[in-house]
Amino acid sequence: SKLWICAGFAPTSTPSGIALRTWVADDDSSLGRGVHATILLNLIALALDGHDVQPWLSAGLHVANLLFTAIFAAELAVKLIVLGPVEHFSSAPGMNSFDALIVLSSLVELLLGGSSSGGAMRMVRMCRLLRAARAGRVARRYPALCKVAGIAVRSAAGLAPIALLLALFLFVSTLLGMQLFGQTFTSDTYG
């Protein structure tokens, strides 16, 4: 308890401690908005990464990865310390567990060095792409966006029979085309 007071935090049973818990748990607090902005910046950094990027961009993205990992690890640590593991993982069971998995996989990647090309390391590096799924956390703040996404998901279910019919049509057209024109257009004829 004295450690919390020395660090500038009050125990969670006091009124200021309850305010601290609310600040940490609320997505609309400055902490939550800061994490959402960091998630969006992380999405931009993930989009910039690719094959054969310039060395300066690769170095910058590596530094950005370290920075984002540190920010997300600090967020997880603060929430675990202030809320406690039980409350943290039970408040939003799917999202908080998913966030913790992403942070832990990023930390494992950093601890292993990220330079080996083994299959296990590739799997750990692929977990970094799961950060893109954290955008769903940001989307929850915008009800209109959630409504549009819900409509798109419900509409996609109605498109399944049409997509199956289209695939069948393409398959039959391919078979018919091979039977009619299979040996007509070859590299020998058109060199």
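Here are some short exercises, with worked solutions, on the predicted model shown above.

**Exercise 1.** Work out which secondary-structure elements make up the protein, and what share of its residues is buried.

*Solution.* Start by counting elements: there are 10 helices and 0 strands. Reading from the N terminus, the order is therefore α-α-α-α-α-α-α-α-α-α. Next, turn to burial: of the 191 residues in the protein, 21% are buried.

**Exercise 2.** Check the length of helix 4 against the span expected at 1.5 Å a residue, then look at what follows the helix.

*Solution.* Helix 4 covers residues 55-83. With 29 residues at 1.5 Å a residue, helix 4 should span 42 Å, and because its end C-alpha atoms are 42 Å apart, the two values agree. Now step past the end of the helix: Gly84 follows, with a positive phi near 90°.

**Exercise 3.** Find the largest nonpolar core and decide which helix gives the most to it.

*Solution.* First list the members: this core has 11 residues, among them Val35, Ile39, Phe68, Phe72, Val103 and Val138. Then assign them to elements: helix 3 (30-48), helix 4 and helix 6 (93-112) are the ones that give two or more residues. Helix 4 gives the most, with 5 residues.

**Exercise 4.** Locate the salt bridge that Lys79 forms, and say whether its two residues are buried or exposed.

*Solution.* The partner of Lys79 is Glu75, and their closest N and O atoms are 3.3 Å apart. That lies within the 4 Å cut-off, so the pair counts as a salt bridge. The count for the model comes to 1 salt bridge. Both residues sit in helix 4, 4 residues apart, or about one turn of the helix. Finally, Lys79 and Glu75 are both buried. The buried residues of helix 4 also include Asn65, Thr69, Val82 and Leu83.

**Exercise 5.** Compare the end-to-end reach of helix 9 with its expected span, and find where the helix bends.

*Solution.* Helix 9 runs over residues 143-181, 39 residues in total. From first C-alpha to last, helix 9 reaches 53 Å, close to the 57 Å expected. Now follow the axis: helix 9 bends by about 40° at Leu159, and Pro161 follows within four residues.

**Exercise 6.** Identify the nonpolar surface patch that contains Leu165, and explain why Leu165 is classed as exposed.

*Solution.* The patch is formed by Leu165, Leu168, Phe171, Val172 and Leu175, which together have about 510 Å² of accessible area. Leu165 is found in helix 9. Its relative accessible area is 59%, over the 50% cut-off, so Leu165 is exposed.

Conventions: Residues numbered from 1 in each chain as written. Predicted model: local features only at pLDDT ≥ 70, side-chain atom pairs only at ≥ 80, totals over all residues. Heavy atoms only, no water. Expected span 1.5 Å × (residues − 1). Bend = angle between axes of the 7 residues up to and from the residue. Salt bridge = Lys/Arg side-chain N within 4 Å of Asp/Glu carboxyl O. Buried < 20%, exposed > 50% of the residue type's maximum accessible area, 1.4 Å probe, protein only. Patch = residues over 30% accessible without salt bridge, like charges linked within 9 Å, V, L, I, M, F, W, Y side chains within 5 Å. Areas by Shrake-Rupley, 256 points an atom, 1.4 Å probe, with all protein chains shown as cover. Core = buried A, V, L, I, M, F, W, Y, C linked by side-chain atoms within 4.5 Å.
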